[in-house]
Every structure is written in structure tokens, then in C-alpha cells.
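The following report describes a single model, element by element. Please consult the sequence and the coordinates alongside the text.

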Amino acid sequence: MLNLVQSIDASRISFLSVQLSESKVIVAGDFSQEGLSKFTAEKASVSSSKAGVDFFSCKILAKKDSAELQRFLKSCDFIAVRGSSPEMCSWAANSKGVDLLLQPFSPEKCFLDVQTANVLRDSNVFVCILFSDFLECDGFRLGQLLKNAAICLRLCENAGTGVLLVSGAKNESQLRASKDMYSFGAMLGMKKEAALRAVRENPELFLKRLKK
């Protein structure tokens, strides 16, 4: 089982991941080089305690910055781009070295289109849906976020673009087991087989591209 969290202490997340039957956790954030070094040290400490959880680092890029991408390409396990606009989605799809496109929609709009979904598929960039964003939204905005997420997933399914469903937790209360994400995918309109792939097969396929 694979989960992705955002900037949670490695030792604490290790304990909680065992309770949730998670064996692999991506810790994603806007790392500085110092922050990445600190995380690497924490990861080594947790690994030496034989906690049974493998950690991976992921640099999140919130704007188009090819120089920043290149700086972290070799030092981070994965590179993610926030899909905060159609331009960011297109840049993620067309930039060599990007692994994940995070949340390419908002309560206002789905930023993904058919052409970009096809390029993401061909570039083997996975679309990552973060459950935490839905926990932070309510009322009318939550309804709109759910609608645009469903549109995004339908585009990905039609194009054959890889999808991951993860907690995206920013704190302990937002943690969810990856096996529970299947139900969330089904609620968003994913077919049973597609929702299962997003929490079972796709994480395994994604981790095979781990940078050496």
C-alpha cells in the first residue's frame, strides 16, 4: 500500500502508517535543500529502527521553474507539480523529470483537458488526487470541488492516464488508509476496476520508476 502525505514528521508518520497497514509513504513538500537534508536524516533514523515503512521524498513545484526542477531532480525521489492552472498542467506533462501532477482542479474549474491528459499518459506522469483538499472544503465549494474532480478523473480514464488516490495528509487527523481511497474514487464516479487500479496496481507501477 502506498500513501502520500505533505510534511509530517517521519518518525510519527512511521508509527501511524503501521497502524494503517501502509508500507510505503511519499513525503511531499516544497523542500529546500536544507529541509531535504533534514528529511533524509530523519528517514535514515526511522529506517534504522526497522519500522517496516519505506519513505520517499517528493519535491512539489508550485510554479513553472525548470531550474528548480533540475536542482532537485537527482536529490529527490520524485518531482510533483501542482495543477493549479491549465498552464501548470501542460508544463507538468511536457517537462522531463516530472512524476506527479497534483490535484489538477479547484472548486472553480477542472484545469485538465483531453490533449493534456493524452500527453500525461504518453509521458507516464501520474495524476494524484489528494483527499485532504476535500476535508478542508465545505458547503458549495465542496460540491464544486467534487464535480471538477469527477470531470478530471473521467478525462484520465478516457485517455488511459495513470491515477493515484492518496490521503495527501497535512496533519494526523487527515490521514486515511490507502485502501479506503477506493471508496472515495467510486464516489467520484470511477468504475470499480479503475478505482481499484488507483490504489493497488498503479502505486506499484509508479514506484517502478523510482529514480536511482
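## Sheet, cores and selected residues

Strand β4 is mostly covered, with 4 of its 5 residues buried; buried denotes under 20% relative accessible area, exposed over 50% and partly exposed in between, with a 1.4 Å probe and protein chains only. The model is predicted, so local features require pLDDT of at least 70 and side-chain atom pairs count only at pLDDT 80 or more, while totals for chains, interfaces and linings use all residues. Residues are numbered from 1 along each chain as its sequence is written, and side-chain values use heavy atoms, with hydrogens and water left out.

Helices (H or I, at least four residues) and strands (E, at least two) are DSSP runs numbered from the N terminus, and two strands pair if DSSP finds at least two bridges between them. The two pairings of β4 are listed below.

| Strand pair | Bridges | Direction | Bridge partners |
|---|---|---|---|
| β3 (residues 54–61) and β4 | 4 bridges | parallel | cysteine 58 and phenylalanine 78 |
| β4 (residues 78–82) and β5 (residues 100–102) | 3 bridges | parallel | valine 81 and leucine 101 |

These pairings belong to an open, parallel sheet of 7 strands in the order β1-β2-β3-β4-β5-β6-β7. The edges are occupied by β1 (2–6) and β7 (163–166); each has a single partner strand, so one side of each is left without a neighbour in the sheet. Neighbouring strands are turned by 30 degrees against each other on average, direction ignored; the axes are lines fitted to C-alpha atoms, for helices over the stretch in contact, and angles run from 0 to 180 degrees between N-to-C directions.

In soluble globular proteins, nonpolar side chains tend to be buried together. A nonpolar core here is a set of buried Ala, Val, Leu, Ile, Met, Phe, Trp, Tyr and Cys residues joined through side-chain atoms within 4.5 Å. The largest core has 54 residues, of which Leu101, Leu112 and Ile129 touch the most other members. Helix α7 (residues 139–159) supplies the largest share of this core, 7 residues. Apart from it lies another core of 18 residues, including Ala28, Phe78, Ala80 and Cys128.

Contact means heavy atoms within 4.5 Å. Beyond its neighbours within four places in sequence, isoleucine 129 has contacts that include Gln103, Phe105, Phe134, Leu153 and Phe184.

The buried residues of α7, among them Leu145, Asn148, Leu153 and Cys156, pack against α5 (114–123), β6 (126–130), α6 (131–135) and β7. The expected span of a helix is 1.5 Å times one less than its number of residues. For the 21 residues of α7 this gives 30 Å, and the end C-alpha atoms are 31 Å apart, which agrees. Glycine 160 follows α7 and has a positive phi, near 80 degrees.

The C-alpha atoms of glycine 160 and asparagine 118 are separated by 7.7 Å, although the two residues are 42 residues apart along the chain. Asparagine 118 is found in helix α5 and is partly exposed, with a relative accessible area of 25%. Its side chain is joined to that of arginine 121 by a polar contact of 3.2 Å; such a contact is a pair of N or O atoms within 3.5 Å, where within protein one must be able to donate a hydrogen and the other to accept it, and residues adjacent in sequence count only if both atoms are side-chain atoms.

Glutamine 6, in strand β1, is buried, with a relative accessible area of 7%. A polar atom of the glutamine 6 side chain lies 2.8 Å from the backbone oxygen of glycine 168.
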